[in-house]
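Student: I should like to examine one part of this model closely, with its salt bridges treated in detail. Please set that part in the context of the whole chain.

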Amino acid sequence: YLVEHPVPGISDDGEYVVKYIKPNPNKTKVTMDDKSGIDKDNLQDLMDMMMGGKAAEKTTDSAADTQSLQEQKAKEEQQKKEEEASREKEEEERKEREKAEEEAASKAEESKKKAAEEAEKKAAEEAEKKAAEEAEKKAAEEAEKKAAEEAEKKAAEEAEKKAAEEAERKAAEEAEKKAAEEAEKKAAEEAEKKAAEEESPGGTEEQE
């Protein structure tokens with residue numbers, strides 16, 4: 001930037017100063033009203049300050065140019081640092097987002113894996129429980145069947161035993177009845193024989 005136009009004025013400390021600014025000198029006007037801070041009695045002093053010499057003006061212009069360039073360079077450096085810091089911050093944020101996404105994906109995968117393991121474990125437990133129930137039911141049916149067979153066998157044995165006892169009793173009764181009939185028949189024959197012998201006298205004498 002080139003400082004082209006000196007503008008006289010009064011500083012806050014009450015000193016007369018000349019400020020160098022860039023506006024077009026053809027469009028810049030210096031007023032001397034009450035608000036401008038310029039006194040008509042000191043106007044010559046201000047003009048002398050403005051026209052104080054070519055060397056001083058060039059030195060001031062050069063110093064102003066150097067200061068302006070330094071300020072611009074410092075500003076550019078600051079802007080560059082800010083941009084670099086912004087890029088670093090964005091990179092860090094991007095890395096943090098990627099890390100968060102990876103962690104979220106890892107957690108989701110872990111949760112999915114855990115859910116699958118839980119489902120598999122539950123299915124295995126259900127299958128084991130069902131198999132145990134089936135085995136218990138089958139064992140109960142076998143026990144019931146065996147008990148029924150035992151009861152049936154025992155009932156058959158009881159019936160067979162009872163039938164044998166009945167047959168034995170009946171046979172005994174038949175034998176006893178037959179023996180009684182035999183005894184009665186024999187007794188009747190004996191009685192008849194004896195009666196016949198008593199009716200025959202000759203027979204008795206012969207016997208005597």
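Which element of the chain has the highest mean pLDDT, and which has the lowest?

Tutor: The model is a predicted one, and the element with the highest mean pLDDT is helix α2, which covers residues 54-199 and has a mean of 86. The lowest mean, 51, belongs to helix α3 at residues 201-207. Over residues 204-208 the pLDDT is below 50, and beyond near neighbours in sequence this stretch has two contacts in the model. For the chain, the mean pLDDT is 79, with 72% of the residues reaching 70 or more.

Helix α2 is one of three helices, and the chain also has two strands. Read from the N terminus, the order of the elements is β-β-α-α-α. Of the 208 residues, 4% count as buried. The accessible surface amounts to about 18,800 Å², and carbon and sulfur atoms contribute 50% of that area. Among contacts with a separation of 6 or more, 37% join residues 24 or more positions apart.

With that setting in place, the salt bridges can be considered. The structure holds five of them, including the pairs in helix α2 described below.

One of these joins E98 to R94, with the closest N and O atoms 2.4 Å apart. The two residues are four positions apart in helix α2, and therefore about one helical turn separates them. Both side chains belong to partly exposed residues: the relative accessible area is 35% for E98 and 31% for R94. The pair is also part of a wider arrangement, since E91, R94 and E98 are linked in a network of salt bridges.

Further along helix α2, R169 takes part in a salt bridge with E166, and the closest N and O atoms of this pair are 2.2 Å apart. Here the spacing in sequence is three residues, so that R169 and E166 are again separated by about one helical turn. R169 counts as partly exposed, at 40% relative accessibility. E166 is likewise partly exposed, with a relative accessible area of 40%.

R169 also meets the side chain of E173 in a salt bridge, at 2.4 Å from N to O. E173 and R169 both lie in helix α2, four residues apart, which is about one turn of the helix. E173 is partly exposed, its relative accessible area being 41%. R169 thus has a salt bridge with E166 and another with E173.

To draw the account of helix α2 together: R94 and E98 are about one helical turn apart, as are E166 and R169, and about one turn likewise lies between R169 and E173. These pairs belong to the element with the highest mean pLDDT in the chain.

Technical notes:
Residues are numbered from 1 along each chain as its sequence is written. This is a predicted model: local features need pLDDT of at least 70, side-chain atom pairs count only at pLDDT 80 or more; totals for chains, interfaces and linings use all residues. Side-chain values use heavy atoms; hydrogens and water are left out. Buried means under 20% relative accessible area, exposed over 50%, partly exposed in between (1.4 Å probe, protein chains only). Contact means heavy atoms within 4.5 Å. Accessible areas come from the Shrake-Rupley method with a 1.4 Å probe; for residues, only the protein chains shown count as cover. pLDDT is the predictor's confidence in each residue, from 0 to 100. A salt bridge is a side-chain nitrogen of Lys or Arg within 4 Å of a carboxyl oxygen of Asp or Glu.
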